Protein chains: 2
Amino acid sequence: TEDKHSSVLKAALMELPAADVANLLESMPPEQRHDLWELIPPEHEGEILTWLHDEARASIINDMDEKELVAAADSMEVSDLAFVLEELPRDQTDLILESLDMDRRLRLEKVLSYEDGTVGRLMTTDVMAVRPDVTVAVVLRWLRRHETLPPHTDALMVTSSEGGFMGKVAMNTLLLSSPERMISEVMSGDTEVVMAQASEQEVTALFNRRDLISVAVVDEQHHLIGRITLDDIVDAIRSDAEEKVMKSAGLDQEEDLFSPVIPSAKRRGVWLGINLITVFAAAWVIGQFEEALGQIVALAVLMPVVASMGGIAGSQTLTLAIRGLALNQIASSNTRWLLMKELAVGVLNGTVWAAVVAVVAWFWFNDIGLSAVIAAALIFNLLAAAVSGILVPLTLKKLGIDPALSGAVILTTVTDIIGFLSFLGLATLFLL
Amino acid sequence: TEDKHSSVLKAALMELPAADVANLLESMPPEQRHDLWELIPPEHEGEILTWLHDEARASIINDMDEKELVAAADSMEVSDLAFVLEELPRDQTDLILESLDMDRRLRLEKVLSYEDGTVGRLMTTDVMAVRPDVTVAVVLRWLRRHETLPPHTDALMVTSSEGGFMGKVAMNTLLLSSPERMISEVMSGDTEVVMAQASEQEVTALFNRRDLISVAVVDEQHHLIGRITLDDIVDAIRSDAEEKVMKSAGLDQEEDLFSPVIPSAKRRGVWLGINLITVFAAAWVIGQFEEALGQIVALAVLMPVVASMGGIAGSQTLTLAIRGLALNQIASSNTRWLLMKELAVGVLNGTVWAAVVAVVAWFWFNDIGLSAVIAAALIFNLLAAAVSGILVPLTLKKLGIDPALSGAVILTTVTDIIGFLSFLGLATLFLL
């Protein structure tokens, strides 16, 4: 009955879309993942591999023999295959390249010649083109000779006899035009193109602003070499959002929920190490006030309050500023205005919460001087938080560092240090 | 020359896509924003309004008079208009509703009858349908009578004479099929539909898994009432990603970079207040160890190290777990495995960084007992971080609370408290 079970399971698996099978594989610890993979028919393996995150995919490819790998590669689209190949060791890459027929191999090498993160990598090379000097009727007859069209074909590209891009004609335009008209009359020549060297971010922004379904990709000679469709962009947007969240916690975007312990610990350890440096810096600041701490224990009890409130207020400003930078809404012309606004918000919230903290501290320690000192330190730290919430991301961007990655670590280091410094410093001045 | 300038600016503005003008408006402080809006021709106002974030849009609508508002509404798509109307005060809504022609008003009321965040709100009601019992030639002739088709029409819907949804026929299929065939022969009946009551998340997941461009929307009687296209989904994905980032900092997703100080301060103040409660809880824990802190000042200096390292390690586990939950990759069957893995990562990283911290503490304070205590507390806190990184989001999800919103606050409260408790507790036991 083991066998019977597995054949039922096999049948069920084939009913599921590839994306779901990939997700199922990623939900399983290594041994179960391996067992499930064994049940998947070879002709489905290629598509499922393209849906997996890098690390999970590597764990599966590791278990595949050469023949299986070649068969899977055979059923993959060229752009997906390029994506997978990049993660494989050299000998497996060569093995797969040799197994491809000439046409696919040439197209793959073309795609691989563009850098990761560029349009050339993202594009589909499977694109239909027509000449401008034929009639709609001719094109319609030519189309009818096809069994199917490449997926997501919403337009035919129009090219010169040398392959130069001239414009495109929407499939719906072909449907609405009278058959005797020329392609050159019905095509739209005033259409967006992207260069294969352009970045994923540029093309994503273009799709976002112009409400496009597909766009032609050209090389430096303005020759048509492929197209980008909205579904590629959706993948790019999704993966970009995921990357931001994962990287801000010092994780690799491709991290597998069930990755082995030692590589996981290593990758995460780096981030812990960076944090250790920043927290020792804060500890060093505290260490400068040993005398005050030795005399007034309440300072040790209350000091996290000042640091933490600054961290929260600062990260609110930081989050707004990072979004503003990503949308190109912050420039030198409005930075001053923004800084003033954030300082005003800091004064308001600083005053309100400083009052609350002062009252609580007074009930707790019955020391009016201590209440005054913590209130002043809190207001001061919220103002510092407002300034660094704006200036930290602006500076990082100028240095070419992604503020979404390291902004929060730097900001909380600043608010921790200023929080401890102002609270313990004021206490030393006025309470000792 | 003032006038000349503004006419040049006006011409330039009309060249920009609506999305860019909206972004430009959002990059400006209130007075400049108001001045720029004055320059925009009324017929462009509707589309630009739909691209603005809620708060920025409200700030602009506030300045518009009735006539302007009605004119702008007139040029908007029904689904966009529904989106805008929801944010307006009752009297402006009524004014706009009364100004619409009967057909648009009925379609708008239909859309508004569905709840925010459902497919009914997201859908376009502008959809073309044909009967199954006509030939492709008839449909082609009917299509040619149109000047244009609704944007992003990749398929015609097929409905019964009662409006029941039967399937759809791709525009490309019409192009490839011989004209004498019946629609019923070339249509695909086995096609996805979504209910108007379904949530945005459900339909986004469907598009993601099936690589769709558009899908039919039906009501409870399986009657066709609209369609959702991939570009609506892209907006939903983008806005969802933005929402997560903003909410995790206690910000409103629609927050305007240049919103007035007082409402901004109020909204952000709530999050500061919540944080104040958690940090006072941690302070209370520290307060229980006044004796130890009074005797050994080094404890106050080093205690942030233990708490902070736990917070970082915990947020790594939390981030992974939140992604796993969002992708439905975590279930009761693998929680135990995951917990064991995270504990093992915690043991490894805990040991490594505890050794580093112990050595630094020894050089600093020359007290072997203190080094032993901080190392033990650090390992203990990283294990607690691993457990809470898994259990906090699982518990929040069971309670129906979005772990992406409040997970981090709860987690760092746990790691702060356990960090202070274990370090100061062990110190009290062994060092006093």
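**Notes on a predicted two-chain model**

1. A salt bridge within chain A makes a convenient starting point: A:Glu243 pairs with A:Lys247, and the closest N and O atoms of the two are 2.8 Å apart. This is a predicted model, which should be kept in mind throughout what follows. Both partners belong to helix H15 of chain A, and because they are 4 residues apart there, about one helical turn separates them. As for their surroundings, A:Glu243 counts as partly exposed at 25% relative accessibility, and A:Lys247 is likewise partly exposed, with a relative accessible area of 34%.

2. A second salt bridge of chain A joins A:Glu255 to A:Arg268, with 3.8 Å between the closest N and O atoms. Here the pair links distant parts of the chain, since A:Glu255 sits in the loop between H15 and helix H16 (261-287) of chain A, whereas A:Arg268 is in helix H16 itself, 13 residues apart from its partner. Both A:Glu255 and A:Arg268 are buried, and the cut-off behind that word is a relative accessible area under 20%.

3. With which residue of the other chain does A:Arg268 form a salt bridge? The partner is B:Glu342, and the closest N and O atoms of this pair are 2.8 Å apart. A:Arg268 and B:Glu342 also belong to a network of salt bridges, in which they are linked with A:Glu55, A:Glu255, A:Arg267 and B:Lys341. The student can therefore follow this network through residues of chain A and of chain B, given that a salt bridge is counted when a side-chain nitrogen of Lys or Arg lies within 4 Å of a carboxyl oxygen of Asp or Glu.

4. Another salt bridge is formed by the side chains of A:Glu242 and B:Arg323, at 3.2 Å from N to O. Because A:Glu242 lies in helix H15 (residues 230-248) of chain A and B:Arg323 in helix H18 of chain B, the pair joins two chains. Both of these residues, A:Glu242 and B:Arg323, are buried. For the wider count, the structure holds 30 salt bridges over all chains, and 4 salt bridges are counted between chain B and chain A.

5. Turning to the interface as a whole, how many residues does each chain bring to the contact? Chain B gives 109 residues and chain A gives 109 residues. The size of an interface is often given as the accessible area lost when the parts come together. For chain B and chain A, that buried area is about 9900 Å², with 68% of it on carbon and sulfur atoms.

6. The interface also has polar contacts, for the rule finds 33 residue pairs of this kind between chain B and chain A, both members of each pair being at pLDDT 80 or more. On the side of chain B that touches chain A, helix H18 (residues 297-326) of chain B gives the most, with 18 residues. The residues of that side of chain B divide into 61 nonpolar, 30 polar and 18 charged.

7. The two chains can also be compared by superposition: a turn of 180 degrees, with a shift of 0.0 Å along the axis, lays chain B on chain A with an RMSD of 0.1 Å. That is the relation of a two-fold axis. The same surface serves both copies, in that 100% of the contact residues of chain B recur in chain A.

8. Two backbone angles deserve a look in the structure above. Most residues other than glycine have a negative phi, and most peptide bonds are trans. B:His222, however, has a positive phi near 65 degrees although it is not a glycine, and its place is in the loop between strand S5 (214-218) and strand S6 (224-229) of chain B. B:His222 is partly exposed, at a relative accessible area of 38%. B:Asn366, which is not a glycine either, has a positive phi of about 55 degrees; B:Asn366 lies in the loop between helix H19 (332-365) and helix H20 (368-398) of chain B and is exposed, with a relative accessible area of 57%.

9. A last residue to inspect is A:Thr335, which lies in helix H19 (residues 332-365) of chain A and is buried, with a relative accessible area of 15%. Its side chain reaches the backbone oxygen of A:Ala331 at 2.7 Å. Once its neighbours within four places in sequence are left aside, A:Thr335 is in contact with A:Ile330, A:Ile390 and A:Leu394.

Technical notes:
Residues numbered from 1 in each chain as written. Chains lettered and ligands numbered in written order. Predicted model: local features only at pLDDT ≥ 70, side-chain atom pairs only at ≥ 80, totals over all residues. Heavy atoms only, no water. Least-squares fit on C-alpha atoms with pLDDT ≥ 70 in both. Contact = heavy atoms within 4.5 Å. Buried < 20%, exposed > 50% of the residue type's maximum accessible area, 1.4 Å probe, protein only. Buried area = accessible area lost by both parts, 1.4 Å probe. Polar contact = N/O pair within 3.5 Å; in protein donor to acceptor, adjacent residues only side chain to side chain. Nonpolar A, V, L, I, M, F, W, Y, C, P; charged D, E, K, R; others polar.
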